[in-house]
Amino acid sequence: MQESKRSTLTAIADVVWLVAAVGAINWGLVGLFDFNVIDRLFTDRPTRFLYVVVGLCGLAALLLIPLLRVKTTVGRRPAHSRA
């Protein structure tokens with residue numbers, strides 16, 4: 001894969017993980033303190049669309065997990081081969 005395509009995919013993956021993390025933190029705040037950051041920040045805008053985007057990013061993040069494992073194990077030696 002070309003380097004520019006790889007960096008674009010990495011940037012997209014970073015955005016997906018960031019949005020999914022913000023969504024997870026928001027749900028944690030809703031559960032713990034009944035405080036919804038999305039509703040507070042976007043009071044005049046339709047928040048349903050934002051919830052759909054966060055949900056889709058969460059699904060995409062789940063699909064990225066296998067790719068993340070491959071990325072972190074490249075170049076590592078198995079534990080039994082270490083001397």
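A polar contact is a pair of N or O atoms within 3.5 Å, and within protein one of them must be able to donate a hydrogen and the other to accept it. I start there since the term comes up several times today. The structure on the screen is a predicted model.

First, the overall layout. The protein chain has three helices and zero strands, and along the sequence the pattern reads α-α-α. Of its 83 residues, 13% count as buried. The accessible surface comes to about 7000 Å², and 68% of that belongs to carbon and sulfur atoms. Now take the contacts with a separation of 6 or more: residues 24 or more positions apart account for 55% of them.

Next, the inside. Which residues form the largest nonpolar core? There are six: Ala-13, Val-16, Ala-20, Cys-57, Ala-61 and Leu-64. The elements that give two or more residues to this core are helix H1, which runs 3-33, and helix H3, which runs 47-73. As background, nonpolar side chains in soluble globular proteins tend to be buried together. Cys-57 is a useful residue to click on. Leaving aside neighbours within four places in sequence, Cys-57 is in contact with Val-16, Val-19 and Ala-20.

Val-19 comes up once more, with Gly-55. That glycine lies in helix H3. Gly-55 and Val-19 are 36 residues apart in sequence, yet their C-alpha atoms are 9.1 Å apart in space. Is Gly-55 buried, partly exposed or exposed? Its relative accessibility is 38%, so it counts as partly exposed, because that class covers values between 20% and 50%.

Now to a pair of asparagines, where the opening definition is needed. Asn-26 lies in helix H1. At 3% relative accessibility, Asn-26 counts as buried, because the cut-off for buried is under 20%. The side chain of Asn-26 reaches the backbone nitrogen of Val-37 at 2.8 Å, and this falls within the 3.5 Å limit for a polar contact. Setting aside neighbours up to four places away, Asn-26 is in contact with Phe-35, Asn-36, Val-37, Ile-38 and Tyr-51.

The partner, Asn-36, sits in the loop between H1 and helix H2, and H2 runs 37-41. Is Asn-36 buried or exposed? With a relative accessible area of 17%, Asn-36 is buried. The side chains of Asn-36 and Asn-26 are joined by a polar contact of 3.2 Å. The side chain of Asn-36 also makes a polar contact with the side chain of Asp-39, again listed at 3.2 Å. Not counting residues up to four places away in sequence, Asn-36 touches Asn-26, Val-30 and Tyr-51. Tyr-51 therefore appears in the contact lists of Asn-26 and Asn-36, as heavy atoms within 4.5 Å make a contact.

Last, the outside. Trp-17, Val-52, Leu-56, Leu-59, Leu-62 and Ile-65 make a nonpolar surface patch of about 550 Å². Which helix gives the largest share of this nonpolar patch? That is H3, with five residues. Ile-65 is one of the patch residues and lies in helix H3. At 31% relative accessibility, Ile-65 counts as partly exposed. Why can it belong to the patch at all? Patch residues need over 30% relative accessible area, so Ile-65 at 31% passes that cut-off.

To recap, H1 and H3 each give two or more residues to the largest nonpolar core, Asn-36 and Asn-26 join through their side chains, and H3 supplies the largest share of the nonpolar patch. That is all from me.

Note on methods: Residues are numbered from 1 along each chain as its sequence is written. This is a predicted model: local features need pLDDT of at least 70, side-chain atom pairs count only at pLDDT 80 or more; totals for chains, interfaces and linings use all residues. Side-chain values use heavy atoms; hydrogens and water are left out. A nonpolar core is a set of buried Ala, Val, Leu, Ile, Met, Phe, Trp, Tyr and Cys residues joined through side-chain atoms within 4.5 Å. Buried means under 20% relative accessible area, exposed over 50%, partly exposed in between (1.4 Å probe, protein chains only). Helices (H or I, at least four residues) and strands (E, at least two) are DSSP runs, numbered from the N terminus. Patches are made of residues with over 30% relative accessible area and no salt bridge: like charges are joined within 9 Å, nonpolar side chains (Val, Leu, Ile, Met, Phe, Trp, Tyr) within 5 Å. Accessible areas come from the Shrake-Rupley method with a 1.4 Å probe; for residues, only the protein chains shown count as cover. A salt bridge is a side-chain nitrogen of Lys or Arg within 4 Å of a carboxyl oxygen of Asp or Glu.
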